[in-house]
Amino acid sequence: MELHIFGIGILTWIVFIPIVGMIIVLLLPDKNRNAIRWTAAVATGIQVVLAGVIFAVFDRTKLGINDAESFQFVEKFSWITVEAVPWVGRIEISYFMGIDGLSVLMIILTSLISFIGVISSWNIEKMVKGYFALYLLLVTGMMGVFVALDFFLFFIFWEVMLLPMYFLIGLWGGPRREYAAIKFFLYTFVGGILMLLTMLALYFSVAYTDPATGQSVHTFNILHMMNPANYVDGGLLSGVDTTWRYVAWMALFINFAIKIPLFPFHTWLPDAHVEAPTPISVILAGVLLKLGTYGLLRINFPIFPDGTIYFMYFMAILGMISIIYGAFCAMAQDDFKKLIAYSSISHMGIVVLGIAALNTQGMVGGVLQMFNHGIITAVLFLAVGVLYDRTHKRGLNDFGGIANQMPKYTGLAMIGMFAALGLPGLNGFVSELFSFLGAFEAYKWITIISVTGIIITAGYILWTIQRVFLGKTPEKLTGLNDLTPREVLMFVPLIALIIFLGVYPSPAIKLMNSSLGYLVEFVTNGGF
Amino acid sequence: MYTQLPLAILILPLLAFILLIFFGKKLPRQGDWLATGLMTLTLILSLILLVTKLNTQPAEAISSSFDWVVIGSQTISFGIMIDNLAAVMLVVVTLVSTLVHYFSMGYMKDDVRYSRYFAYLGLFSFSMLGIVLTNNILLMYVFWELVGVSSYLLIGHWYEKKSASNAANKAFIVNRVGDFGMFIGIMILFLSYSTFAFEAIFDSISAGQLPFGSEGWLTAAGVLIFCGAVGKSAQFPLHVWLPDAMEGPTPVSALIHAATMVAAGVYLVARVFPMLTADALLVIAYVGAITALIAATIAITQYDIKKVLAYSTISQLGYMIMALGVGAYTAGFMHLVTHAAFKAGLFLGAGSVIFGMHAALHKLHDHHTDAQDIRNMGGLKSRMPFTYWTFLIFTLAISGIPLTSGFLSKDEILAGTLAFSTLNGHWFLPLIGFLVAGLTAFYMFRLLILTFHGKPVNEKIYEGVTESPKVMTIPLVILAALSLFFFYSFNPFGATSGWFYGAIQRPLSMVPELLQPATYPVFYEAVSSVHTIAMLLSILIATGGVLMALAVYHWKKISAESLAKRAGVLYTGSVNKWYFDEIYDTVFVKGCHVIMKMLRWFDENIIDGIVNGSAMITKIFSNASGWIDNNIVDGLVNGTANTAGRAGGLLSHVQTGKVQTYLVYVIFSFLVLFVLFL
Amino acid sequence: MELMSIQSFAEPGLIHFLIVSAILFSLGIMAVLSRRNTIMVLMGVELILNSANINFIAFSRFTELSLHGHMIGLFVIIIAAAEAAVALAIVLNVYNKFKTINLDEISLLKG
Amino acid sequence: MELTTILFYLFSVVTLGAAAIMVFSKNIVHSAFALMFTLVGVAALYVLLYADFLAATQLLVYVGGILILILFGVMLTSQGYTLNFKTITVNLIPASLLSAGAAVLLIFAFLTTDWKISEVTERTDTVYDLGMLLMGDYILPFIVAGVLLLIAIIGAILMSTRLSVKNKGGA
């Protein structure tokens with residue numbers, strides 16, 4: 001499947017449209033704020049349209065994962081090639097993009113959340129130009145990570161995403177923004193170094209024979225890294241089940257676990273969320289966290305199937321701890337944003353548990369949960385943002401009786417809350433169901449303990465609803481305006497998706513079913 | 001016919017919900033006519049369906065389904081299934097729901113969120129009908145949770161009251177605990193059989209496939225699924241939410257917390273009956289029995305009219321569950337149906353009383369007297385004749401007095417337990433069954449007498465109470481009529497000859513032979529042999545209970561206080577509901593709080609501490625090097641700088657102090673030199 | 001003349017690179033001399049260093065300087081890194097002391 | 001025109017244009033970002049000069065390191081929460097005269113000098129040779145550079161440490 005627009009592949013378009021938007025934003029005069037906003041909206045809007053096109057023409061039967069032939073919308077140009085370096089051979093870094101069932105849903109999610117983020121950024125008044133320029137750069141970084149099939153390219157996009165995020169938190173954030181931004185930066189920086197080291201180790205261990213010239217070529221191509229036949233003799237990561245392969249797996253895993261975030265690596269998340277402005281929280285929870293699990297599935301699982309199988313239980317247990325721990329911590333919070341941040345930890349734990357099961361239900365459930373969680377937390381953070389805009393408060397105990405004041409808002413926010421709670425008929429349930437089903441097949445007791453998380457989740461969500469929406473309206477909260485049309489506009493697509501995917505998730509599942517099934521097979525067979 | 005009609009039945013209430021939630025405020029009369037009309041239409045369709053189904057031979061289940069999702073290589077399909085059980089249940093749900101809609105038009109008349117209320121009723125009816133119609137345990141779970149949510153929303157209808165929102169939360173969370181078990185049960189079934197459909201699961205079991213190859217897991221699956229019923233049907237130990245749920249509007253209590261939703265647990269057990277092993281059934285029977293006993297003992301000391309009814313509901317639900325557990329399948333389900341009628345009637349009657357009391361208190365501007373406390377009532381018989389007479393019929397029915405529907409079903413249950421004990425020797429079950437029958441008659445007549453008979457406690461209030469409007473009393477009359485025996489069987493002393501027993505028959509057990517409970521013929525024989533004894537005993541005990549109540553509260557021959565004193569610990573235990581709330585509060589709620597505080601502390605101090613600690617270590621190092629710097633390096637540096645500074649001081653007076661000015665000079669000179677040497 | 005200009009436009013040789021570097025150098029000088037902000041001055045210095053580097057590399061490409069030019073360029077970059085680190089530390093100290101980093105307000109050197 | 005020619009002019013324009021923006025922009029953050037483009041452009045020019053390793057180093061050290069340092073400097077010295085990124089120019093007239101003069105003189109000198117242009121050697125890669133040189137002829141400068149870097153790091157850390165200690169004492 002290929003699709004070109006003006007001779008340029010659709011993936012290049014979808015990745016670099018925000019950069020074009022960024023340049024236009026930078027060229028516009030500072031004062032013309034609306035033009036800047038509209039530029040960003042149009043750029044991300046085009047992305048949404050392109051994502052829609054991808055969704056429509058995507059071939060649901062092709063497998064992808066390790067087979068370059070069955071990736072779709074592939075674009076591959078050699079980018080940096082250095083010939084005949086002594087004792088290294090030819091170095092090859094290519095501009096290699098393509099998507100399969102694993103990434104297509106993430107692309108749709110990224111474009112949608114980015115677009116919604118722009119709408120909710122409309123009322124940012126401080127340094128509008130800089131804000132939107134960084135925002136669009138961030139979007140490019142995220143989108144790029146999801147389409148890159150060359151490790152070097154992946155790494156570049158990964159790092160491109162971090163810098164704008166750092167500034168967006170550090171400049172437009174709340175009172176403790178420096179602390180949060182630096183913490184975020186350090187955490188992800190440590191992860192980045194681990195990934196860089198592993199990338200280099202992989203690079204020197206993998207060489208494929210160029211069919212045209214017969215040369216042995218070192219490559220950053222992720223797909224080549226998946227093939228055990230491509231590992232050179234005596235390479236650091238050659239062989240199966242070696243200590244170094246486990247170490248490399250662990251290094252990558254820590255990098256991704258920081259992003260997910262899994263239990264011991266999670267403390268940057270609550271701080272970052274609390275200080276970040278609303279749209280950035282939305283992006284952070286909606287898309288950035290998914291990069292972690294996406295990286296696990298795209299890189300850890302197929303490149304190191306032996307390590308994955310070796311550490312299966314470890315992952316499942318971390319997932320379980322995250323579910324329960326995140327839920328309890330969420331219950332203990334008084335800050336609305338912190339509560340949602342911890343609930344994200346809990347929900348991402350479900351993703352990890354699902355994918356650690358290494359069977360199709362778990363995998364599909366996990367990836368669907370990534371998508372669903374992205375949408376649900378986006379709604380929740382938007383909901384907090386709406387309240388924060390009006391009252392400049394985030395403490396759960398500062399609210400009460402909002403239901404009487406803002407009925408429309410309450411209705412929409414409650415749907416989001418119930419989706420987070422895993423109510424059947426809303427999308428959170430479907431993915432939790434499949435994740436747990438898959439996990440139960442692999443690990444009975446771990447799953448049973450994890451499922452208790454849904455009781456705790458019900459506890460803190462209902463308690464939150466009670467404290468914020470129900471009860472008598474205190475004096476100071478009277479006279480709040482209900483949602484403006486712009487705010488309704490940012491909620492409605494997400495809520496519609498929540499309900500639609502809750503009732504009929506088939507369109508989403510069909511996209512990834514065959515790819516993920518193949519991934520499971522590929523990993524459980526040890527990479528053959 | 002069999003696909004369109006059920007679908008229409010399912011969708012009409014949903015339509016009402018959607019229309020009212022979006023346009024409720026804009027419609028005339030806030031759209032109550034729309035909700036009620038659609039519900040009445042649903043009732044008519046359900047009746048048509050029931051009649052058609054009962055007249056269709058053979059009486060097999062009819063189902064149709066569609067593929068919901070394909071995951072991996074497994075297809076999950078959803079669908080509907082109509083068998084006699086479902087058809088009867090449909091009519092029960094739609095009938096009670098319709099009557100409650102009418103009743104609510106009077107009861108909720110001046111409510112602030114009138115249209116919202118009717119919308120939620122629609123949502124509830126939709127989900128409840130979904131439970132009834134589905135052919136699939138996953139879909140049942142889906143609707144199961146949806147009724148939970150609509151129950152949550154309706155209990156919290158007056159959410160300005162803290163107690164209401166607390167009760168709503170409690171109901172939802174306690175139900176979640178039960179659903180947790182059900183969820184795991186569903187997972188076991190799906191992993192073993194790759195399907196969620198009841199029929200397919202039963203087929204696989206009867207073909208000899210066991211979950212994970214072990215009989216223990218089959219029993220476990222049965223018990224876990226029963227956990228869902230324990231939550232929803234308020235069985236011990238998860239019964240605590242139901243009395244609190246009385247915070248909701250009274251018609252809601254009648255619909256959800258008496259007639260339909262709480263009976264869904266019973267319906268669930270009936271649905272999965274073929275896959276329950278003898279061990280699982282025994283667990284079910286004992287849970288039901290314990291629930292019946294606990295709730296009945298609490299009910300005799302309560303004073304809130306709705307609380308008494310709530311505990312009696314729990315107790316009756318325990319009866320039904322026990323009946324299913326011992327194998328008296330039809331009797332249990334029949335009790336569900338008859339109970340739905342008379343308990344809905346009791347609640348609506350109570351609603352009518354509360355409505356009258358409220359109106360009276362409102363006129364007196366009295367906001368302190370509790371309108372629901374039976375100690376504030378008395379003698380209302382003459383003020384509210386319709387309510388009184390219908391309430392009397394319902395009370396007779398629930399007490400199991402002959403000629404009522406309650407007698408028929410309760411009698412069969414008692415006979416069933418007795419038969420079960422003759423087969424297996426579990427004497428505890430019939431013992432509790434008869435004891436609770438007596439207690440039920442006692443506390444229900446206590447309620448009736450204290451409310452309607454005797455002298456009014458407060459003349460002023462008494463004067464203010466008037467009969468409720470027609471829209472509220474007519475549903476009562478209809479339900480009272482349905483509480484009489486001839487709707488179920490023309491023989492007032494034996495239900496087995498009626499149409500109901502013909503329509504609803506105990507399904508064959510599918511589990512391996514060794515694990516099966518006593519087969520139906522064996523059981524039926526045992527029942528027939530003890531039926532007469534059971535009937536006589538039950539009439540005797542019920543009459544005894546009624547007489548006791550009359551003696552204590554009407555004729556005042558025995559003092560209630562002295563009875564209470566003599567009972568001692570039992571009395572205080574009963575008044576305090578056996579301390580379940582307190583125990584759960586200390587163990588679970590407080591425990592949860594302790595854990596969450598601990599984990600929060602752990603998170604903020606230990607994990608974050610490690611992160612910040614690594615920063616600290618770096619800082620210590622830098623401090624150490626800072627010391628070296630200050631004392632050694634700086635010494636040298638300062639020495640050099642001082643020397644240079646003194647030298648510079650000599651020339652300093654030619655300086656302006658601005659670096660860039662110097663730079664201009666420098667570059668200028670450089671360029672000059674450049675030109676000169678070029 | 002016209003021919004020549006086209007020719008010189010066509011193939012970038014040594015001169016072209018040198019001109020680029022010269023312009024870059026003068027821009028650097030401009031920044032160093034005219035901006036008040038110390039950090040801007042530092043950036044100007046970076047420009048000057050870069051322009052010098054371009055010269056070195058260009059010479060190593062077009063003359064016999066060969067790889068030695070690269071080596072010098074490498075060392076320039078290294079020294080630039082060290083310079084930037086130290087300079088910024090100084091700037092921070094200055095800022096801490098004077099609460100400003102505008103060079104014309106820091107006139108302690110005034111005699 | 002050849003591809004390299006086009007690229008040369010393209011990158012020259014980018015480099016010089018960005019440098020000009022850097023110098024003349026009023027906003028220091030803009031300047032910093034413009035500097036980034038300049039540095040990247042210079043790296044591209046290196047590539048055109050077959051200096052691949054230097055290009056990479058330029059990117060890593062300048063764009064990755066020095067630029068970030070500068071940004072940190074900007075962040076840390078912007079006053080309080082009211083972000084004051086504007087900078088003012090001084091000495092405008094002498095500075096522009098001098099820099100224009102420098103440019104003219106330099107270009108004049110470059111054009112008039114008779115450069116000894118040798119045969120252009122098409123190099124495929126330089127890393128190996130550079131490595132050999134670095135470990136051979138240039139071993140002493142290499143070590144000295146290492147020591148210099150170390151000293152710079154220690155010095156920078158010391159200065160900023162004192163900064164934080166003093167801050168603490170002050171607060």
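Which chains, among the 5 pairs that touch, have the most contacts between them? Chains C and D do. Keep in mind that this is a predicted model.

Let's start with that interface. On one side, 63 residues of chain C take part; on the other, 72 residues of chain D. Which elements of chain C give two or more residues to the side that touches chain D? They are α2 (14-34), α3 (38-62) and α4 (67-98). The top contributor is α4(C), with 23 residues. As for chemistry, this side of chain C has 46 nonpolar residues, 10 polar and 7 charged.

Stay with α4(C) for a moment. The helix has 32 residues. At 1.5 Å a residue, the expected span is 46 Å. The end C-alpha atoms are 45 Å apart, so the expectation and the model agree. Then look just past the end of the helix. C:Lys99 comes right after α4(C), and its phi is positive, at about 60°.

Now a pair without an interface. Chains A and C do not touch. Their nearest C-alpha atoms sit 17 Å apart.

Over to chain B, and helix packing. Two packed helices are described by two quantities: the angle between their axes and the distance between those axes. I have two pairs to show.

Pair one is α15(B), residues 385-399, with α19(B), residues 470-482. The angle is about 25°, and the axes are 9 Å apart. Angles under 35 degrees count as roughly parallel, so α15(B) is roughly parallel to α19(B). What is the handedness of the crossing of α15(B) and α19(B)? It is left-handed. From α15(B), the contact uses B:Phe386, B:Thr387, B:Thr390, B:Ile393 and B:Phe394. From α19(B), it uses B:Thr473, B:Leu476, B:Val477 and B:Ala480. An α-helix has 3.6 residues a turn, so residues three or four places apart point the same way. By type, the contact of α15(B) with α19(B) has 6 nonpolar residues, 3 polar and no charged.

Pair two is α10(B), residues 250-259, with α11(B), residues 261-272. Here the axes come within 3 Å and cross at roughly 20°. That angle makes α10(B) roughly parallel to α11(B). Which residues meet? In α10(B), they are B:Ile256, B:His257, B:Ala258 and B:Ala259. Their partners in α11(B) are B:Met261, B:Val262 and B:Ala263. This contact divides into 6 nonpolar residues, 1 polar and no charged.

To recap: the C and D pair has the most contacts, and α4(C) gives the most to chain C's side of it. In chain B, we saw two roughly parallel helix pairs.

Key
Residues numbered from 1 in each chain as written. Chains lettered and ligands numbered in written order. Predicted model: local features only at pLDDT ≥ 70, side-chain atom pairs only at ≥ 80, totals over all residues. Contact = placed C-beta atoms within 7 Å. Helix = DSSP H or I, 4+ residues; strand = E, 2+ residues; numbered from the N terminus. Nonpolar A, V, L, I, M, F, W, Y, C, P; charged D, E, K, R; others polar. Axes fitted to C-alpha atoms, helices over the stretch in contact; angles between N-to-C directions. Parallel < 35°, antiparallel > 145°, perpendicular 65-115°, else oblique. Left-handed = near helix turned anticlockwise from the far one by under 90°. Expected span 1.5 Å × (residues − 1).
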